[in-house]
Amino acid sequence: SRPDSPRIYDAYARLLSGLQGWADSPVADIDAAIDGRLALRPDPLAYSTAINLLTTRGVRLDRARELALAGLAAGERFITENEPSYKLDGKVQASRDRNRAQFTDLLGWTAFLQGDLATAGQRLDEAARYSSGNDFLNQFHRGQLARRLAEVDLDRLGQHAVAAVGVERADVVQRALVEHDRRARRCGRCRAFGRRLVVLAM
């Protein structure tokens with residue numbers, strides 16, 4: 001086949017899909033497949049596929065962030081180069097917004113997987129603005145972030161309550177229970193936490 005034959009792209013698509021489904025595939029094989037696809041044509045699809053492969057496996061997350069930045073730039077270049085072909089008013093801006101929404105979301109999700117929750121929140125919210133809140137994957141990622149932040153908050157609440165029991169047992173636990181009651185309306189995990197506080201107070 002010619003180097004630019006659609007069959008070559010299909011072969012890489014199958015290879016990348018196979019690597020994603022093979023949980024024990026060596027990271028070196030993943031890198032080689034990504035490099036080969038990008039060398040063939042560094043288009044936005046190549047970048048997004050590569051990033052999704054790395055984030056799904058939870059490997060090479062630093063590279064995933066670099067690829068997201070490169071993919072964002074690649075998409076911008078593609079749109080600019082093809083701007084004369086956009087016939088309808090507003091289509092260029094809509095294409096830019098979709099590109100920015102996709103790769104900004106991937107930047108945020110990668111940051112989330114790395115434990116950088118502040119950056120994740122900034123990037124995921126930015127992506128939501130570009131997509132006007134209409135991207136399913138972005139909404140899922142934002143939901144996962146909200147859940148993780150709630151867990152962090154609850155863990156802190158639990159640590160403070162347990163520490164306080166040794167200082168002012170009844171009063172502080174009662175105040176923690178009031179806080180628990182407020183949170184229990186939002187989170188099933190809070191109810192279990194409240195039961196533990198009741199045991200402490202007895």
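1. A quick word on terms before we look around: buried means under 20% relative accessible area, exposed means over 50%, and partly exposed lies in between. Arg 100, with a relative accessible area of 23%, is therefore partly exposed. Please keep in mind that this is a predicted model.

2. Arg 100 is a nice place to start with the charged pairs. Its side chain meets that of Glu 76 in a salt bridge, at 2.7 Å from N to O. This pair links distant parts of the chain, with Glu 76 in helix α4 and Arg 100 in helix α5, 24 residues apart.

3. Glu 76 also forms a salt bridge with Arg 96, where the closest N and O atoms are 2.9 Å apart. Here too distant parts of the chain are linked: Arg 96 belongs to helix α5 (residues 91-113) and Glu 76 to helix α4 (residues 61-81), 20 residues apart. Arg 96 is buried because its relative accessible area is 13%, and Glu 76 is buried at 17%.

4. Helix α7 offers another pair for you to look at. Glu 151 and Arg 147 meet through their side chains in a salt bridge (3.7 Å, N to O). They are four residues apart in this helix, so about one helical turn separates them. Glu 151 is partly exposed at 24% relative accessible area, while Arg 147 is exposed at 52%.

5. Over the whole structure, a search finds 11 salt bridges. Do also look at Asp 31, Asp 35, Arg 60 and Arg 63, which are linked in a salt-bridge network.

6. Finally, the surface has a nonpolar patch formed by Phe 136, Leu 137 and Phe 140, together with about 330 Å² of accessible area. Phe 136 lies in helix α7 (residues 136-165) and counts as exposed, at 68% relative accessibility.

How values were computed
Residues are numbered from 1 along each chain as its sequence is written. This is a predicted model: local features need pLDDT of at least 70, side-chain atom pairs count only at pLDDT 80 or more; totals for chains, interfaces and linings use all residues. Side-chain values use heavy atoms; hydrogens and water are left out. Patches are made of residues with over 30% relative accessible area and no salt bridge: like charges are joined within 9 Å, nonpolar side chains (Val, Leu, Ile, Met, Phe, Trp, Tyr) within 5 Å. Accessible areas come from the Shrake-Rupley method with a 1.4 Å probe; for residues, only the protein chains shown count as cover. A salt bridge is a side-chain nitrogen of Lys or Arg within 4 Å of a carboxyl oxygen of Asp or Glu. Helices (H or I, at least four residues) and strands (E, at least two) are DSSP runs, numbered from the N terminus. Buried means under 20% relative accessible area, exposed over 50%, partly exposed in between (1.4 Å probe, protein chains only).
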